[in-house]
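Work through the exercises below with the sequence and coordinates open. Each task is followed by a solution in steps.

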Amino acid sequence: QEAKCAYIIIIMAVYWCTEVIPLAVTSLMPVVFFPLLGVQSSKSVCLQYLNDTNMLFVGGLIVAISVEQWNLHKRIALRVLLILGVKPALLMLGFMVVTAFLSMWISNTATTAMMVPIVQAVLDQMDNTEYDVTMLEQVTGQTNTVIELEEKNASDPTSVHVISNGQVPDDPRSSEEKKMRKRICKGMTLCVCYAASIGGTATLTGTGPNMVLKGQMNQLYPKNNDVVNFASWFGFAFPNMILMLVLAWLWLQCSFMGLNFKKSWGCGTERTAKEKAAYNVLKAEMKKLGPISYAEFNVLLMFVLLVLLWFSRHPGFVKGWATRLFPEGEKYITDSAPAVFIALLLFILPANKPKFIGWNPSMSDPEQTEEDIKKPFLSAPLLDWNVVQRKMPWSIVLLLGGGFALADASANSGLSAWLGHQMTPLGSIPPWAIATVLSLIIAVFTECTSNVATATLFLPVFSSMAASVKIHPLYVMLPGTLSASFAFMLPVATPPNAIVFSYGHIRVLDMVRSGIVMNIIGVFCVTLAINTWGRPMFELDTFPTWANSTTNQ
């Protein structure tokens, strides 16, 4: 049994890594081969493909699609950028904060696809303005010293062309400056895909690997009394995301813009022409969106309601609504119920304000009523099924399902137990070292495989290892899950990287150079998180009873 199960898993692993057939299609292999080889019945394999965790993911995705559909994410992004300001360092921070925040709730890919054009527009506009200013100096050779003095005061963040002895360079854009501008361009676009990957880790529905962890926990440890839920994951992963985001920002500042604080922060200086240009682009984009519509407001309301329902279902320190309002609620209700509930509401609530004038036409003026009669009485709902069908990443839903089928089979066939038994010698190594090394291995592995596939292959192995070494399963599974999202080095590692790479500012070498350091930052932050605030939160020092019961089955 164990060997047969392992055989299928190895084949699937090879197919996932090489992508000879699409990832989602590989994920369907257990449905055929587990029953054929007698590892598990068709019934029990197929049950795994749309279990509780997958429904949570689907619900979350539908809400995310409605946010995208009404362009709410763009409004949030522009609003935040306008507040934070347009000094290069702050502009980059702004892009990163916005991207990370949005990718917590929307898919990382959609967030990146929306942010990169905004970044692009801002950079282009800054370039054009710079060109105009430089040409202007050329023409007014006499007054150029005045402009130069002003520029020194304003300390234009990227201008290297202020020459001390008052000579004007011949070429409107000196080569130094071109290089600098190119580097800023690289930094600004790279920061978006990194922030998207980092932001996805902060919430349970933010990215695939987190869902894999939740599903595998429920599968391998049925009695785990809901250790990993939306609230507990957020409490653990959100501080970690903030820390990583700040470190990533500092690293990108260092490597692409140089750490000149006066220049990049421009404390107390007035805005240069370039910054004004960037600000105007953002303002113009905001104007295009117009005032907030009824539909957008409704979607925002639903979204906030969903987040509140998730957080207050089972907060841990007080009784949640599940326990208070429903008898034995904590046994029956999981995070998937509110997610699907809000998804249902999105198909019901109207996209336009309901009208009540139609009841007595005689009262209002005749033109108005004629218009009203022409309009359909019932408004369209906030979401249309065709849109959902087009935008839903069905491949990830299948990929998660295939993963759960694998985990289930490896537990039931005895493969997990066998693997755990092989790993008993690791008991002599201190647990923190194990966790760190495993994080590094996964961070490297995820560069060339899909993040979800990486998490799917490794997490069951980690859980059996934890059982054999008698450490808390989450102590190795949490770092493993987070590290699966650290695909920073290659354009093919994850879709956001591919999107950013396709705009053509970045060479593979640039991405690898920045990515290596980003991986180190990531593993460092995760190790820190798991050994400090992670310990009391999940009681990682103890070996829990629920983990024990499964090994004795």
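The exercises cover a helix, aromatic pairs and salt bridges.

The model is predicted, so local features need pLDDT of at least 70 and side-chain atom pairs count only at pLDDT 80 or more, while totals for chains, interfaces and linings use all residues. Residues are numbered from 1 along each chain as its sequence is written, and side-chain values use heavy atoms, with hydrogens and water left out.

**Exercise 1.** Compare the expected span of helix α6 (residues 72-84) with the distance between its end C-alpha atoms.

Solution. Helices are DSSP runs of H or I with at least four residues, numbered from the N terminus. The expected span is 1.5 Å times one less than the number of residues. For the 13 residues of α6 this gives 18 Å; the end C-alpha atoms are 19 Å apart, which agrees. After the helix comes Gly 85, with a positive phi near 100°.

**Exercise 2.** Classify the ring pair of Trp 105 and Phe 303, and locate both residues.

Solution. Rings of Phe, Tyr and Trp (its six-membered ring) pair if their centres lie within 6.5 Å; planes under 30 degrees apart are stacked, over 60 edge-to-face, and the rest tilted. The structure holds 16 such pairs. For Trp 105 and Phe 303 the centres are 5.4 Å apart and the planes at 85°, so the pair is edge-to-face. Trp 105 lies in helix α7 (residues 88-105) and Phe 303 in helix α15 (residues 294-313), so the contact ties together parts 198 residues apart in sequence. Next, accessibility: buried means under 20% relative accessible area, exposed over 50%, partly exposed in between (1.4 Å probe, protein chains only). Trp 105, at 14%, is buried, and Phe 303, at 15%, counts as buried.

**Exercise 3.** Find the separation in sequence of Glu 285 and Lys 288, and state whether each is buried or exposed.

Solution. A salt bridge is a side-chain nitrogen of Lys or Arg within 4 Å of a carboxyl oxygen of Asp or Glu. The closest N and O atoms of Glu 285 and Lys 288 are 3.1 Å apart, and the two form a salt bridge. They are 3 residues apart in helix α14 (residues 273-289), about one helical turn. Glu 285 is buried at 17%, whereas Lys 288 is exposed at 67%.

**Exercise 4.** Describe the salt bridge of Arg 313 and Asp 335.

Solution. The N to O distance is 2.8 Å. Arg 313 is in helix α15 and Asp 335 in the loop between α17 (329-332) and α18 (336-348), 22 residues apart. Both Arg 313 and Asp 335 are buried.

Definitions and conventions. Helices (H or I, at least four residues) and strands (E, at least two) are DSSP runs, numbered from the N terminus.
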